[in-house]
Amino acid sequence: MDAQQPDDVRDIPDYQALVVIDMKGYSKVPSHRMPAMRGDLDHMLATAFAESGLGREWEERAYWSDTGDGCILALPVRRMWRLVDPLPEILDGVLARHDRERLASTPEIRVRMSVHVGPLPDSYRGDPINDACRLIDSDAARDAVDKARALGSYVALVISEAVFQAVVRPRRTTRLTEHDFLPTRAEVKNKYSETAWVHVPRRSPADLGTPAGDGSERAAEAVPPPAAPAASPTPAAPRFAIETVGNIIDTPQGDLSFTQDFRRSGR
């Protein structure tokens with residue numbers, strides 16, 4: 001029997017599911033309100049993870065990174081489908097309840113979240129975690145959370161093509177299908193440009209329109225061509241037209257008579 005070969009740096013490590021969560025507008029909140037706002041988010045995330053069947057993963061986190069305005073979490077790939085469905089929908093409901101009950105002086109909390117998957121060593125350093133962060137920082141993610149807010153939703157989800165192929169297309173989700181996602185191009189200038197998929201709970205892709213940075217043929221085909229300008233209407237002909245005007249001087253001497261003859265033609 002061959003002796004066991006030692007590890008090589010080129011060996012492919014185990015795949016990890018990655019979720020990044022980020023609060024919209026956190027940097028604009030007054031500094032003295034940030035700790036309470038972040039505490040509220042952590043409490044609501046714990047609730048949403050538990051209600052999504054991911055309570056153990058939240059409590060026994062193999063990897064967790066505090067980003068200030070959010071967090072990065074890794075968990076086993078076999079549980080990744082729950083990050084796509086039902087977690088965003090449940091988190092949206094938790095945030096909606098918080099918004100209804102908060103004091104007027106308490107900042108609202110809306111979040112964007114990205115889900116990605118890839119091989120990561122024990123150090124959790126590498127392209128997969130970098131790409132998960134770039135995905136949430138992309139124009140597509142920022143545009144999606146702005147549109148979610150305008151539509152009255154609290155969560156915008158952006159997933160990578162790898163997650164879409166592993167979870168959504170084979171119908172591993174409980175409710176969502178590929179028709180609930182809008183294809184887009186997630187871009188971070190000079191750093192990242194990849195296909196991604198956007199979903200906002202309780203909203204259809206048609207509600208979202210075309211996210212920023214979209215380069216998909218499907219989105220381009222959905223845009224109708226501009227309508228041709230309407231032709232200027234031909235003005236209606238007058239009912240009566242003056243055809244001739246005759247001015248006749250009967251006699252050049254003596255009394256002068258002046259006659260005008262208007263001949264009309266009916267239309």
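Along strand 2 (residues 63-66), which side chains point to one face and are buried, and which point to the other and are not? Tyr63 and Ser65 point to one face and are buried; Trp64 and Asp66 point to the other and are not. Buried means under 20% relative accessible area, exposed means over 50%, and partly exposed lies in between (1.4 Å probe, protein chains only).

This is a predicted model: local features need pLDDT of at least 70, side-chain atom pairs count only at pLDDT 80 or more, and totals for chains, interfaces and linings use all residues. Residues are numbered from 1 along each chain as its sequence is written, and side-chain values use heavy atoms, with hydrogens and water left out.

**Overall figures**

- The protein chain has 9 helices and 9 strands. Both are DSSP runs numbered from the N terminus: helices are H or I with at least four residues, strands are E with at least two.
- The chain has 267 residues, and 40% of them count as buried.
- Take the contacts with a separation of 6 or more: residues 24 or more positions apart account for 69% of them. Contact means heavy atoms within 4.5 Å.
- The exposed area of the protein chain is about 16000 Å², and carbon and sulfur atoms supply 50% of it. Accessible areas come from the Shrake-Rupley method with a 1.4 Å probe; for residues, only the protein chains shown count as cover.

**Strands 1, 2 and 3**

- In a regular strand the side chains alternate between the two faces of the sheet. Strand 2 shows this alternation.
- Strand 2 runs antiparallel to strand 3 (residues 70-76), and 4 bridges join them. Two strands pair if DSSP finds at least two bridges between them.
- Serine 65 has isoleucine 72 of strand 3 as its bridge partner.
- The hairpin of strand 2 and strand 3 has 3 residues between the strands. There, glycine 68 takes a positive phi near 90°.
- Strand 3 also pairs with strand 1 (residues 15-23), in the antiparallel sense, over 7 bridges. Glutamine 16 stands opposite proline 76 in strand 3.
- Strand 3 is mostly covered, with 6 of its 7 residues buried.

**Aromatic pairs**

- The structure holds 5 aromatic pairs. Rings of Phe, Tyr and Trp (its six-membered ring) pair if their centres lie within 6.5 Å; planes under 30 degrees apart count as stacked, over 60 as edge-to-face and the rest as tilted.
- Phenylalanine 164 and phenylalanine 181 pair edge-to-face, at 6.2 Å centre to centre and 80° between the planes. Phenylalanine 164 lies in helix 7 (residues 161-168), and phenylalanine 181 in the loop between helix 7 and strand 6 (182-188), 17 residues apart. Both are buried.
- Phenylalanine 164 also pairs with tryptophan 197: the ring centres are 3.7 Å apart and the planes at 5°, so the pair is stacked. Tryptophan 197 is in strand 7 (residues 192-199), so the pair ties helix 7 to a part 33 residues away in sequence. Tryptophan 197 is buried too.
- Ring pairs link Phe49, Trp58 and Trp64 into a cluster.

**Charges over rings**

- The charged end of arginine 61 sits over the ring of tryptophan 64, at 4.2 Å from its centre. The criterion is NZ of Lys or CZ of Arg within 6 Å of the ring centre and within 35 degrees of the ring normal.
- Arginine 110 has its charged end over the ring of tyrosine 154, 4.2 Å from the ring centre.

**Helix 5**

- The buried residues of helix 5 (residues 127-137) are Pro128, Ile129, Asp131, Ala132, Leu135 and Ile136.
- Seen down the helix axis, these buried residues fall within an arc of 160°, so they line one face of helix 5. The arc is that of the directions from the helix axis to the C-beta atoms.

**Two residues in detail**

- Leucine 83 lies in helix 3 (residues 81-84). Leucine 83 is buried, at 0% relative accessible area.
- Beyond its neighbours within four places in sequence, leucine 83 is in contact with Ala17, Val19, Phe49, Leu54, Leu75, Pro88, Met113 and Val115.
- Arginine 142 belongs to helix 6 (residues 139-150). Arginine 142 counts as partly exposed, at 38% relative accessibility.
- Arginine 142 and arginine 112 are 30 residues apart in sequence and 7.5 Å apart in space, C-alpha to C-alpha.
- Leaving aside neighbours within four places in sequence, arginine 142 is in contact with Arg112 and Asp137.
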